[in-house]
Amino acid sequence: MSTAVRQRVAAPVWQVTRPVRPGRVPGVVLAGLRDRGPAPVDHRLDPHPVLTLALACGEAALGIDESTGRQHRGSLVTGLGFGAGGAARVRASNVEWMQVRLSPALARAVLNVSPAELEGSVVALDDLWGERRAARLRERLAETASWEERFALVEGILARLSAAGPAIEPELAWAWDRIVARHGQVRVEGLADELGWSRKRLWSRFHTQLGLPPKRAVKLVRFDRAATRLAGGQEAAGVAADCGYADQSHLHRDVVAFTGVTPSTVAGGSLIATADMAWMDHVPRLPV
């Protein structure tokens, strides 16, 4: 089905750099971001079906402010679904940072914590890796001027951690990959049947090892694809049809629940609307 596209008028506020060569760590996608200035950045942070590492590459620090008034600065990690309901904003000025999109299947190995413990939250990288280790990474990123050298540095660290850390059950890696590959257009009951598991077993193990219930994962992956298309200027009716929603009202309810705003305003004030659309539409996958 063809989808109408509106003309976008807002210029991106981030300069986005992607690695030249393919990534060497499955389940990880990297990008370097530099705000274009001169005005400070202030926009809504919408939830994504990934854990995100925001790694500072200089003295200026990215900031995330929650609706509760809590403020976070420096190198940060956000859990699956962080920002739901439009409850967080990204604030920055003259900042360079690396965004690492991390599959929840790698979270325990890389971050040394279960993704379930980070669901919907943001924590300092210091709290997960320790102050000395996190500070050393910040120093090395700041000392390295080339994005390609920075990508190689971070990939090397992630490769060692993912190889040495605990892996999730292969059945759950398969289930997550199926949800991502089909953009959330799957039935949880069908996944359980294909695995030969009961729905209760799938729910319990999926939630424990991947960080959220399977039905919530399906909704989050589907929303992520829909939000990207809305931010790219596609009309809501076409997005609803293409992304597997029952109708436009169904899309409207999901978007409001995840962002706190209507589909017509998604493009105007979120991180997804301000950077390279090809990058923002990428959810990392693992080979299964």
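The following exercises, each with a worked solution, treat ring pairs, charges over rings and salt bridges in a predicted model.

Local features need pLDDT of at least 70 and side-chain atom pairs count only at pLDDT 80 or more, whereas totals for chains, interfaces and linings use all residues. Residues are numbered from 1 along each chain as its sequence is written, and side-chain values use heavy atoms, with hydrogens and water left out.

**Exercise 1. Describe the overall make-up of the protein.**

Start with the secondary structure: the protein has 12 helices and 10 strands, taken as DSSP runs numbered from the N terminus (helices are H or I with at least four residues, strands E with at least two). Turn next to burial, where 52% of the 288 residues count as buried (buried means under 20% relative accessible area, exposed over 50%, partly exposed in between, with a 1.4 Å probe and protein chains only). Finally, consider the contacts, meaning heavy atoms within 4.5 Å: among those between residues at least 6 apart in sequence, 74% join residues at least 24 apart.

**Exercise 2. Find the aromatic pairs and place two of them in the fold.**

The criterion comes first: rings of Phe, Tyr and Trp (its six-membered ring) pair if their centres lie within 6.5 Å, and planes under 30 degrees apart count as stacked, over 60 as edge-to-face and the rest as tilted. A search of the whole structure with this criterion finds 3 aromatic pairs. One of them joins tryptophan 147 and phenylalanine 151, which are stacked at 5.9 Å centre to centre with 25 degrees between the planes. Both residues belong to helix 5 (residues 147-164), where they are 4 residues apart, about one turn of the helix, and both are buried.

Phenylalanine 223 and phenylalanine 258 form another stacked pair, with 4.6 Å between the centres and 25 degrees between the planes. Since phenylalanine 223 lies in helix 9 (residues 214-231) and phenylalanine 258 in helix 11 (residues 248-259), this pair ties together parts that are 35 residues apart in sequence. Phenylalanine 223 counts as buried at 1% relative accessibility, and phenylalanine 258 counts as buried at 2%.

**Exercise 3. Identify arginines whose charge sits over a ring.**

Apply the geometric rule, by which NZ of Lys or CZ of Arg must be within 6 Å of the ring centre and within 35 degrees of the ring normal. Arginine 150 lies over the face of tryptophan 147, at 4.6 Å from the ring centre. The charged end of arginine 222, in turn, sits over the ring of tyrosine 245, at 4.5 Å from its centre.

**Exercise 4. Count the salt bridges and examine two that link distant parts of the chain or separate helices.**

With a salt bridge taken as a side-chain nitrogen of Lys or Arg within 4 Å of a carboxyl oxygen of Asp or Glu, the count comes to 16. Arginine 91 and aspartate 42 meet in one such bridge, at 3.4 Å from N to O. Arginine 91 is in strand 8 (residues 88-92) and aspartate 42 in strand 3 (residues 41-44), so that distant parts of the chain, 49 residues apart, are linked. Both residues also belong to a network of salt bridges that links Asp42, Asp65, Arg73, Arg89 and Arg91.

Continue with lysine 219 and aspartate 254, whose closest N and O atoms are 3.9 Å apart. Lysine 219 lies in helix 9 and aspartate 254 in helix 11, so this bridge ties together parts that are 35 residues apart in sequence. Lysine 219 is partly exposed, with a relative accessible area of 29%, whereas aspartate 254 counts as buried at 6%.
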